[in-house]
Amino acid sequence: MINTTFCKIELQSPLVLASGILGTSVDIMNRVAENGAGAVTTKSIGPIERQGHNNPSVIEIENGLYNAVGLPTPGYLNMGDELKRWKEIKVPLIASVYGSSIRDYVHIVEYLQKYKPSIIELNISCPNKDDGMMFGASPRLTSQLVRAVKAVSSIPIMPKLTPNCDNIGRIAKECEKSGADAICAINTVQKTIIHPELKVPLLAYGKGGISGPIIREIALEKVKEIREAVKIPILGLGGITTGEDAIEMLKAGATLVGIGSGVYSRGIDIFKKVNEEIKQIMKKEGYKTLGEIK
Ligand code: DHB
């Protein structure tokens with residue numbers, strides 16, 4: 001049995017499609033659901049239309065991906081019929097939101113909650129925009145933001161935290177004190193990679209964020225730090241590609257496990273594959289429920 005509960009929401013699998021990977025339309029998110037994901041997350045939705053960065057914006061590196069896509073979005077008011085169609089998604093939907101000010105987040109959350117996503121993810125940790133990590137790196141700003149959003153939202157709120165900060169446990173604690181219902185961690189690890197011969201940055205934006213197995217150990221360490229700091233549930237992600245990885249993330253203290261870059265390395269059916277691998281390991285090690293693993 002790999003069903004689980006998160007913020008009172010029932011899921012058939014602990015595996016969640018991470019934000020930014022395939023979460024751009026209802027039809028694609030339904031394909032991910034059909035391929036075994038327990039929940040899906042949208043690409044982060046922002047205040048106004050934005051193009052994103054020039055190419056190269058995503059490249060493969062050893063054991064991971066390196067991206068600076070730059071938060072492209074139609075803007076929350078320009079999503080056409082997509083929002084009305086959210087109710088067709090076959091698994092719980094996590095709506096990811098970003099902004100440049102508290103007012104942006106509040107407006108977007110107020111608007112999107114009419115379309116009844118199961119959870120709202122506050123992306124306060126994007127390394128690929130000048131002010132993308134402004135909130136997530138500051139306990140004070142994070143607290144103000146979470147309080148403001150909670151005041152208008154009837155839907156559970158889950159800030160997504162960055163590993164690029166001094167003390168992720170402290171930020172998580174501020175989120176909890178301010179009323180957050182869950183924590184999502186980690187976003188990508190910020191880095192500037194320079195081409196060794198050409199001496200220019202690999203990505204058009206200059207810097208970018210790393211994901212995939214190369215950041216898994218960092219993700220596990222940060223989730224453990226958060227687990228020690230708060231009681232609210234955690235959606236843990238960063239480099240999870242196999243059932244063994246997912247179980248390690250549950251043992252670190254997560255209730256749900258996100259998969260992003262893994263879709264690139266193992267295909268859209270990675271969710272089915274990892275569900276099966278989790279079941280095999282549970283059978284071998286004598287676990288009957290995911291709760292026992294935690
Ligand atoms: C992008 C990257 C992120 O890590 C994130 O959290 C949101 C957006 C991007 O470049 O589009």
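Here are two short exercises on aromatic pairs and one on a helix.

Keep in mind that this is a predicted model, where local features need pLDDT of at least 70, side-chain atom pairs count only at pLDDT 80 or more, and totals for chains, interfaces and linings use all residues. Residues are numbered from 1 along each chain as its sequence is written, and side-chain values use heavy atoms, leaving out hydrogens and water.

**Exercise 1.** Work out how the rings of Tyr76 and Tyr111 are arranged.

Step 1: Rings of Phe, Tyr and Trp (its six-membered ring) pair if their centres lie within 6.5 Å; planes under 30 degrees apart are stacked, over 60 edge-to-face, the rest tilted.
Step 2: The two centres are 5.3 Å apart and the planes sit at 75 degrees, so this pair is edge-to-face.
Step 3: Tyr76 is in the loop between β6 and β7 and Tyr111 in helix α2, so the pair ties together parts 35 residues apart in sequence. Helices (H or I, at least four residues) and strands (E, at least two) are DSSP runs, numbered from the N terminus.

**Exercise 2.** Is Tyr76 buried or exposed?

Step 1: Buried means under 20% relative accessible area, exposed over 50%, partly exposed in between (1.4 Å probe, protein chains only).
Step 2: Tyr76 has 12%, so Tyr76 is buried. Its partner Tyr111 comes out at 21%, so Tyr111 counts as partly exposed.

**Exercise 3.** Which residues of helix α6 are buried?

Step 1: Go through residues 243–251, and you'll find Gly243, Asp245, Ala246, Ile247, Met249 and Leu250 buried.
Step 2: Now look just past the helix: α6 is followed by Gly253, which has a positive phi near 125 degrees.
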